[in-house]
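Reader: I'd like a close look at how the helices pack in this model, please. Once that is clear, do walk me on to the ligand and the loops as well.

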Amino acid sequence: MPSYLSDVWFNVTDLNVVSGSGSWITTADGSEYLDFTAGIAVVSTGHCHPKVVAAIQEQAARFIHAQVNCYHHDKLEPLAAQLAAITPVGIDKFFYGNSGAEITEGAVKLAKQVTKRPNVIVFSGSFHGRTHLAMAMTTSKTSYRAGHNPLPAGVFVAPYPDPLAPDSEAEIDRALSGLRHLLKTMTAPDETAAMILEPVLGEGGYIAAPSRFLHGVVDTCREHGILFIADEVQTGFGRTGRMFAVDHYGIVPDIICMAKGIASGFPFAALGTRAELSDRWPKGSHGGTYGGNPIGCAAALATIEVITEPGFLDNVNARAEQLMAGLGEIAGHDAGIAQVRGLGLMVATQFLDPARVASVQQHCLREGHVLLMNAGTYGNVVRWMPPLVVTEAEVAQAIAAFGAAVKATA
Ligand SMILES: Cc1ncc(COP(=O)(O)O)c(C=O)c1O
């Protein structure tokens with residue numbers, strides 16, 4: 001039968017899935033797989049969490065689309081209040097969108113409006129989305145940008161510390177002096193609206209920003225009146241073991257970008273900022289047909305209810321510890337694994353040989369029924385991003401599958 005689907009999507013597997021529950025997906029032939037991709041770090045509460053399903057069903061029967069410019073609906077304010085409660089203190093105004101790229105672009109639009117400056121600084125290895133400005137801000141792989149040039153101008157790239165550098169302190173100094181050099185040579189502070197950074201590089205290879213580096217970036221922003229945008233699209237909503245990754249660092253960004261885990265898989269995204277900045281965003285200068293969709297708001301409210309339940313983040317941290325320990329043990333017996341690193345349930349196993357990553361992934365899928373994805377500029381990282389409700393037994397099963405795959409491909 002001919003396929004009428006575009007071939008532009010790359011495919012991690014050829015699984016034909018019909019349902020999902022918790023950490024598991026089921027294919028058309030009835031086989032079950034442990035989904036350690038969580039739909040690329042999206043299904044925070046697992047596939048089809050009963051509370052999220054009920055909230056979506058209830059809302060769908062009342063109102064599917066209530067366009068924000070035309071009228072307000074009764075979930076807009078309650079969700080903003082919940083977001084204000086869980087985001088860092090001082091973030092108290094929220095704009096809603098549908099995807100990560102839309103929100104990172106919106107964040108830069110806000111920064112340009114507020115500062116009246118044209119440029120933005122990103123960090124090498126970044127991923128901020130696939131629309132034109134977001135592509136211009138994405139430096140993790142040429143394949144995201146190739147064939148799309150010219151991309152919007154005014155985007156400058158500063159170094160990000162290499163986690164494998166032999167001297168990590170010297171590496172932080174190198175990255176921060178590269179940033180200062182950029183401000184002297186290519187984009188003057190009074191031309192720079194914002195710096196946008198993922199506190200844990202996602203597509204770039206699951207690399208948590210060293211604390212001194214992140215504080216250095218934020219201090220440089222403050223010194224020059226440049227806004228600091230935290231792209232928490234992948235790291236937010238408990239993924240790193242705290243509600244947001246910036247919470248680990250004690251940093252309050254000027255703008256925070258949220259998507260993925262926010263609504264357990266229903267397409268929804270949000271931008272948070274301080275009222276003082278939001279008030280300077282000219283009315284009507286930004287918007288969108290679907291932002292603030294009532295079903296999305298309902299899914300986000302239910303998701304927040306689940307992830308703020310007592311003990312939820314304790315599970316994330318306990319499973320992260322279990323995963324790091326298990327993977328560390330395996331890496332200790334295989335010189336081909338260069339590093340195991342992570343923050344919460346964003347864990348990376350970096351291999352010396354990218355070809356090995358593909359073989360390990362295939363083996364885990366075929367023999368262990370565990371679905372994993374890669375990451376990193378060179379595709380040399382197996383990344384671990386299970387649903388946050390993953391159990392001890394499921395993590396043990398995934399570690400065993402990985403151990404067998406590593407042995408089989410040595
Ligand atoms: C950190 C980060 N920002 C932005 C995006 C883009 O999000 P979306 O694919 O929803 O546009 C992603 C997606 O992977 C991401 O990881």
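Author: Happily! Angles under 35 degrees count as roughly parallel, over 145 as roughly antiparallel, 65 to 115 as roughly perpendicular and the rest as oblique. Please keep in mind that this is a predicted model, where local features need pLDDT of at least 70 and side-chain atom pairs pLDDT 80 or more, while totals for chains, interfaces and linings use all residues. Residues are numbered from 1 along each chain as its sequence is written, and side-chain values use heavy atoms, without hydrogens or water.

Start with helix α6, residues 168-185, which packs against helix α7, residues 211-224 (helices are DSSP runs of H or I with at least four residues, strands runs of E with at least two, numbered from the N terminus). Their axes lie 10 Å apart at an angle of about 20° (lines fitted to C-alpha atoms over the stretch in contact, with angles from 0 to 180 degrees between N-to-C directions). α6 and α7 are therefore roughly parallel to each other. Their crossing is right-handed (the near helix is turned clockwise from the far one by less than a right angle; anticlockwise would be left-handed).

Now move along the chain to helix α11 (residues 312-331), whose packing partner is helix α13 (residues 392-409). Here the angle is about 20° and the axes are 10 Å apart, so α11 and α13 are roughly parallel too. The crossing of α11 and α13 is right-handed.

On to the ligand. The residues around it (a heavy atom within 4 Å) include Ser-99, Gly-100, Phe-127, His-128, Glu-198, Glu-203 and Lys-260. By class, this shell has three nonpolar, five polar and four charged residues (Gly counts as polar, and Asp, Glu, Lys and Arg as charged).

Several polar contacts (N or O atoms within 3.5 Å) can be picked out. A polar backbone atom of Ala-101 is 2.8 Å from an oxygen atom of the ligand. The side chain of Asp-231 has an N or O atom 2.7 Å from a ligand nitrogen, and a polar side-chain atom of Gln-234 sits 2.8 Å from a ligand oxygen. On its own, the ligand has 390 Å² of accessible area, and the protein covers 82% of it (Shrake-Rupley method, 1.4 Å probe).

Lastly, the loops. The Asn-149 to Pro-150 peptide bond is cis, with omega near 5°, and Pro-150 belongs to the loop between α5 (132-136) and β6 (155-158). Lys-116, in the loop between α4 (100-115) and β5 (119-123), has a positive phi near 60° although it is not a glycine.

Note on methods: A polar contact is a pair of N or O atoms within 3.5 Å; within protein, one must be able to donate a hydrogen and the other to accept it, and residues adjacent in sequence count only if both atoms are side-chain atoms.
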